[in-house]
Amino acid sequence: MTSRAWSIFQCLLRSFLSVSDLLMGTSDPELPARVHATLDVVRGGVTEYAARAGSIDSRYGALKEIAWYDDNSGGRAHRVGELKANAWGLHDMLGNVWEWCFDTYGPYEAKAVRDPSGPPVGSGRVLRGGAWDSVARLARAAFRSTFVPEERYVHLGFRLARGQSGSSQ
C-alpha cells in the first residue's frame, strides 16, 4: 500500500497535467486521458538505464561537464540543459536535483534481475543521481538513496516518462 503523501503527489501530478492540457488548448478530448494513462514517475532501474544511455560506465562524461554538484553548482539548482546531454540526448541525469523514483527503497534481490523495482512495500522512495549540493561520489548512475514522501526537500525533483498504454512504465 502506498503512503498517503505519495497518493496526494499522484493526484497533484494528474491535476497539473489537466491544467497543462487546458493552457495548451488541447482540442482532442480523448488526449488527456490517453496521456495521463501513460505518464508516471520513473522507476529507479529505468533512471539508471537512461542515465547510462547504453554505456556500462557510472557516468556519461567528465562530471563537471554533465552534472551540477557541490564543486560547480554555485550552491543552487540550475535550469535543465545547461550542461552536456548523454548519448540519448537526456540532460541532468546526474546532479542538479535528486530524482525521486516510483519504487520503494530496499535491498535488491540476490539474483540478477532486469529492471529491478525494489520491494513491494516500504516507507521511503528511491532517490537517484545526486543533487547540486552532493559530493562527487554520489553523482553516478548506480547510486541509490531514500527519502520519505511526507518530508520536504529542496534538492528533490522527478522525471516523468511516457510508457506504453496500459503499462505502469
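This passage describes the fold, the helix α3, the nonpolar cores and the largest pocket of a predicted model.

The chain holds four helices and six strands, and along the sequence these elements follow the pattern α-α-β-α-α-β-β-β-β-β. Of its 169 residues, 41% count as buried. Among contacts with a separation of 6 or more, 68% join residues 24 or more positions apart. The accessible surface of the chain amounts to about 10,000 Å², and carbon and sulfur atoms account for 57% of that area.

A good place to start looking is α3, which spans residues 44-52. Seven of the nine residues of this helix are buried, so α3 is largely enclosed by the rest of the structure. The buried residues are G44, G45, T47, E48, A50, A51 and R52, and their packing partners are β2 (98-104) and β3 (125-128). Just after the helix, A53 adopts a positive phi of about 50°.

The helix α3 also takes part in the largest nonpolar core. In soluble globular proteins, nonpolar side chains tend to be buried together. Here, the largest such core comprises 11 residues, namely A50, A51, Y60, L63, I66, A67, Y69, M93, L94, A139 and A141. Two or more residues of this core come from each of α3 and α4 (63-66). A second, separate core contains seven residues, W100, L127, A131 and F147 among them.

Within the largest core, L94 is worth a closer look. Leaving aside residues up to four places away in sequence, L94 touches A51, S58, R59, Y60, I66, A67, W68, G129, A139, R140 and A141. Several of these contacts, including A51, Y60 and I66, are themselves members of the largest core.

For readers interested in pockets, the largest one encloses about 360 Å³ of space. Its lining consists of 16 residues, and those closest to the pocket centre are G45, V46, Y49, A50 and D115. By character, the lining divides into 10 nonpolar residues, one polar residue and five charged residues. Both α3 and β6 (160-162) supply at least two lining residues, and α3 gives the most, with six. The helix thus links several parts of this description: α3 contributes to the pocket lining, and α3 also gives two or more residues to the largest nonpolar core. One residue, A50, belongs to that core and is also among the residues closest to the centre of the largest pocket.

Methods
Residues are numbered from 1 along each chain as its sequence is written. This is a predicted model: local features need pLDDT of at least 70, side-chain atom pairs count only at pLDDT 80 or more; totals for chains, interfaces and linings use all residues. Side-chain values use heavy atoms; hydrogens and water are left out. On a 1 Å grid over the protein atoms alone, a cavity is a set of points where a 1.4 Å probe fits but cannot get out, and a pocket is an open set with protein on both sides within 12 Å along at least five of seven lines; lining residues have an atom within 4 Å of a point. Grid points are joined across faces, edges and corners, and a volume is the space filled by probe spheres set on the points. Ala, Val, Leu, Ile, Met, Phe, Trp, Tyr, Cys and Pro count as nonpolar, Asp, Glu, Lys and Arg as charged, and the others, Gly among them, as polar. A nonpolar core is a set of buried Ala, Val, Leu, Ile, Met, Phe, Trp, Tyr and Cys residues joined through side-chain atoms within 4.5 Å. Buried means under 20% relative accessible area, exposed over 50%, partly exposed in between (1.4 Å probe, protein chains only). Contact means heavy atoms within 4.5 Å. Accessible areas come from the Shrake-Rupley method with a 1.4 Å probe; for residues, only the protein chains shown count as cover.
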